[in-house]
Amino acid sequence: MSKTKQKYSNPFTATVNGIRDLFRKKERVGELKPDDRLDGKKVLITGASSGLGLATAKELARRGAEVIMAVRSGIPEKGEEVKISSRSDKVKLLYVDLSDFDSIKNLVEKIKTDIGKIDILICNAAVVSKKVRRTKTGLEEMFTVNYLAKFYLVNLLLKEKMFNKQGKKIPRIIFVSSESHRNPERFEWDEFGVFKDYGMGKSVERYGYYKLLMTTFARELSRRLNTNRHPEFSVFALCPGPVNSNIAREAPAVFQPLLKLVFSIFFRSPGQASEPVVYLVASKDVEGKTNDYLFLMSRKPVDEKADDPENGKRLWHLTENLLIKHNINLT
Ligand SMILES: NC(=O)c1ccc[n+]([C@@H]2O[C@H](COP(=O)([O-])OP(=O)(O)OC[C@H]3O[C@@H](n4cnc5c(N)ncnc54)[C@H](OP(=O)(O)O)[C@@H]3O)[C@@H](O)[C@H]2O)c1
């Protein structure tokens, strides 16, 4: 395994290398400007009850967006927090548990009936489980929340024509990924979706693998949605760098004080870390573009495995079959 591949494969190297990455000099892709406003735009964001998602929701509401926070917890208090912080009342909360496909379906129904077409989707929610857990579908929870739910949500919204394309508008779909998507050496095609046991020692490695699946899906989605010369959808992904969030909430209690200390000293606040997300949502620089991947505020190629169209096709096909096998309808 190469050095790059090992960078984020366990909690210790992930933390140390995350901090080192922060201090490396990188060329900035651009700047967010005060007139990068979002008035009249509807933005749906998952995982907006905590960390990066909550901070992003506040900044988007401050920039005039109607923000729809799709959350599992924090109803109604996190919505109130966003309203107060942004001084905007264009904030709505909808419940979703991304480990439950019925719940995702209900979310899309609610969007249809109560919200209407959306301009921007941010797939932000993720979990790092301390050990393997089974969802009611029988699938693994981290695989479901961090990858499969995104495939399902995006495709349901597309099937229901819930993206606003009126007047040649180009909706944006943004995936919060992680540099850890570069860790895995290969795809586990033969065991796709198979429930496999793992403990805390392997959870960061599994997290990286699901980020690879998600980033590969983002690339394939962009290819499928943009068959013409001019993109009809902007599909972006990014890694926000190390964020002082609740992502390590399931780490053993004995490590919590140390982790909290390291996170609070070295990691960026969710507000600072939200800059690349807000840039991809609001900046005019990326209007009409697709496929950008940002690490912090720098453009970077995604891992070559994620970029390979053959892998994208294979992943799409296996994912559709897995959903069918579990009676999860995309209609
Ligand atoms: N923190 C980092 O250093 C770092 C680095 C690179 C990338 N990222 C990425 O940044 C994104 C945001 O993470 P964060 O750091 O802000 O962590 P966080 O504070 O733990 O936020 C995660 C969010 O995901 C939600 N979520 C988890 N499971 C869910 C489920 N089953 N259904 C619905 N929502 C669920 C959580 O909701 P609840 O509050 O209800 O649990 C929470 O709102 C993730 O995609 C993560 O992979 C983080």
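Which residues is Phe 195 in contact with, leaving aside its neighbours within four places in sequence? Select Phe 195 and look around the side chain. The contacts are Val 132, Arg 133, Arg 134, Gly 138, Leu 139 and Glu 140. Keep in mind that this is a predicted model.

Stay on Phe 195 for a moment. Phe 195 sits in the loop between E5 and helix H7 (200–225). Now add Leu 139, one of the contacts. Phe 195 and Leu 139 are 56 residues apart in sequence, yet 6.0 Å apart in space, C-alpha to C-alpha. Phe 195 has a relative accessibility of 25%, so this residue counts as partly exposed.

**The sheet**

Next, show the strands. Eight of them form an open sheet with mixed pairing, in the order E3-E2-E1-E4-E5-E6-E7-E8. Go to the edges, where strand E3 (91–95) and strand E8 (298–299) stand. Each has a single partner strand, so one side of each has no neighbour in the sheet.

Move to E1 and E4. Strand E1 (residues 42–46) and strand E4 (residues 120–123) run parallel and are joined by three bridges. Select Ile 45: its bridge partner in E4 is Ile 122. Select Val 43: its bridge partner in E4 is Ile 120.

On to the pair E4 and E5. These strands also pair in the parallel sense, over four bridges. Ile 120 stands opposite Arg 172 in E5.

Now turn E4 to view its two faces. Which residues of E4 are buried on one side, and which on the other? Ile 120 and Ile 122 are on one side, Leu 121 and Cys 123 on the other, and all are buried. Both faces of E4 are thus covered.

**Helices on the sheet**

Bring back the E1–E4 pair, with its three bridges, and add H3. H3 packs on the sheet and touches E1, strand E2 (66–71), E3, E4 and strand E5 (172–176). The direction of H3 makes about 165 degrees with that of E2. Then add helix H6 (residues 141–159), which packs on the sheet against E1, E4 and E5. The direction of H6 makes about 170 degrees with that of E4.

**H3 against H4**

Hide the strands. Keep helix H3 (residues 51–62) and show helix H4 (residues 77–86). Their axes come within 8 Å and cross at roughly 45 degrees. H3 and H4 are therefore oblique to each other. The crossing is right-handed.

Display the side chains at the contact. H3 brings Leu 54, Ala 57, Lys 58, Ala 61 and Arg 62. H4 brings Lys 78, Glu 81, Val 82, Ser 85 and Ser 86. By class, this contact has four nonpolar, two polar and four charged residues.

**Backbone stops**

Select Ile 75 and Pro 76. A cis peptide bond joins them, with omega about 5 degrees. Pro 76 is in the loop between E2 and H4.

Go to the loop between H6 and E5, and pick Lys 161. Its phi is near 55 degrees, a positive value in a residue other than glycine. Lys 161 counts as exposed, at 59% relative accessibility. Lys 168 is in the loop between H6 and E5 as well. Its phi is near 60 degrees, again positive in a non-glycine residue. Lys 168 is exposed, with a relative accessible area of 79%.

**Last stop**

Select Asp 292, in the loop between helix H10 (275–282) and strand E7 (293–295). Is Asp 292 buried or exposed? Asp 292 counts as buried, at 10% relative accessibility. Leaving out residues up to four places away in sequence, Asp 292 touches Val 235, Phe 236, Ala 237, Val 286 and Arg 299.

How values were computed. Residues numbered from 1 in each chain as written. Predicted model: local features only at pLDDT ≥ 70, side-chain atom pairs only at ≥ 80, totals over all residues. Heavy atoms only, no water. Axes fitted to C-alpha atoms, helices over the stretch in contact; angles between N-to-C directions. Parallel < 35°, antiparallel > 145°, perpendicular 65-115°, else oblique. Left-handed = near helix turned anticlockwise from the far one by under 90°. Contact = heavy atoms within 4.5 Å. Nonpolar A, V, L, I, M, F, W, Y, C, P; charged D, E, K, R; others polar. Buried < 20%, exposed > 50% of the residue type's maximum accessible area, 1.4 Å probe, protein only. Pairing = 2+ DSSP bridges.
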